[in-house]
Amino acid sequence: RAGGHTVAGIDIDGDAATKAAAAGIDVTEADLESFDFALLGRKFDLIVAVDIIEHLRNPDEMLARAVKALHGDGSVLLDVPNVANIVIRFLVLMGYFPYDGEGILDRTHVNFFTLRSALEMARQSGLKVQNVGVTPIPLPRIWPQFSSGWIGRRMCALLAWMTRHLRTLLGY
């Protein structure tokens, strides 16, 4: 909004929708599982779906509906957790699949994605993938004290570099 863009949102949580509306964002309270994007009555240059589709039962259907709400040259910014991350692979190898309150194995995730499955879903939804970014394991959130020191900052920088080169294994 600060850049002069019109921002609209969709949220199933009425309280979150109310807070966003109070901040001047045009918010529709709705369930993305069944929402008809045509009801918004406009087209968009960008749709942002960050840490959302893994919570949906049919993310591919929602994404296909959302794509229809884009201008011809519009884009989708899609972000999903990587269940093929080395930490998760190791845990599964050891016989664990520990659901948690947040992160890759968040209890509210009903779908899990690898880079390949996320790319395939995007393509099947009618999108042309233009760029793939990757996020390293968030060491500063896991070990804040370690990450704030000189050695920790260097380790985080090394992990970021390694993640760019081993994105399917180290991407978060």
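**Entry 1: surroundings of helix 7**

I began with the packing around helix 7 and looked up what covers its buried residues; the cover includes helix 5 (139-142), helix 6 (144-148) and helix 8 (167-170). I note here that the model is a predicted one.

Which residues of helix 7 are buried? I found Gly152, Cys156, Leu159 and Thr163. They lie on the same side of helix 7, because they cover an arc of only 60 degrees around the axis. I then checked the face turned away from that buried side, and there I listed the exposed residues Trp150, Ile151, Arg154, Arg164 and His165.

I also looked up the length of helix 7, residues 150-165. The helix has 16 residues and reaches 23 Å from its first C-alpha to its last. The span expected at 1.5 Å a residue is 22 Å, and the value for helix 7 is close to that.

**Entry 2: salt bridges**

How many salt bridges does a search of the whole structure find? I got two.

In one of them, I found the side chains of Arg141 and Glu102 meeting at 3.0 Å, N to O. Arg141 sits in helix 5, one of the elements covering the buried residues of helix 7. Glu102 is in the loop between helix 3 (86-93) and helix 4 (115-124). The two residues are 39 residues apart, and I logged the pair as a link between distant parts of the chain. I checked the accessibility of Arg141 as well: its relative value is 60%, so Arg141 counts as exposed, the cut-off being over 50%.

I also found a salt bridge between the side chains of Asp26 and Arg42, at 2.5 Å, N to O. This pair too links distant parts of the chain, with the two positions 16 residues apart in numbering: Asp26 belongs to strand 2 (residues 26-29), and Arg42 to the loop between strand 2 and strand 3 (44-50). Are these two buried, exposed or partly exposed? Asp26 has a relative accessible area of 41% and is partly exposed. Arg42, at 29% relative accessibility, also counts as partly exposed.

**Entry 3: strands 3 and 4**

I moved on to the strand that follows the loop of Arg42. Strand 3 runs parallel to strand 4 (residues 70-79), and six bridges join them. I picked out two of the partners: Val48 pairs with Leu77 of strand 4, and Ala49 pairs with Leu78 of strand 4.

What do strand 3, helix 2 (residues 59-67) and strand 4 make? I recorded a right-handed β-α-β unit.

**Entry 4: the whole chain**

Last, I took the overall values. I counted eight helices and four strands in the protein chain. Read along the sequence, their pattern is β-α-β-β-α-β-α-α-α-α-α-α. The C-alpha trace spans about 50 × 35 × 30 Å along its principal axes.

I looked up burial for the chain: 28% of its 172 residues count as buried. For contacts with a separation of 6 or more, I found that residues 24 or more positions apart account for 62%.

Note on methods: Residues are numbered from 1 along each chain as its sequence is written. This is a predicted model: local features need pLDDT of at least 70, side-chain atom pairs count only at pLDDT 80 or more; totals for chains, interfaces and linings use all residues. Side-chain values use heavy atoms; hydrogens and water are left out. The expected span of a helix is 1.5 Å times one less than its number of residues. Buried means under 20% relative accessible area, exposed over 50%, partly exposed in between (1.4 Å probe, protein chains only). The arc is that of the directions from the helix axis to the C-beta atoms. Contact means heavy atoms within 4.5 Å. A salt bridge is a side-chain nitrogen of Lys or Arg within 4 Å of a carboxyl oxygen of Asp or Glu. Two strands pair if DSSP finds at least two bridges between them. A crossover is right-handed if, with the strands pointing away from the viewer, the path from the first strand over the helix to the second runs clockwise.
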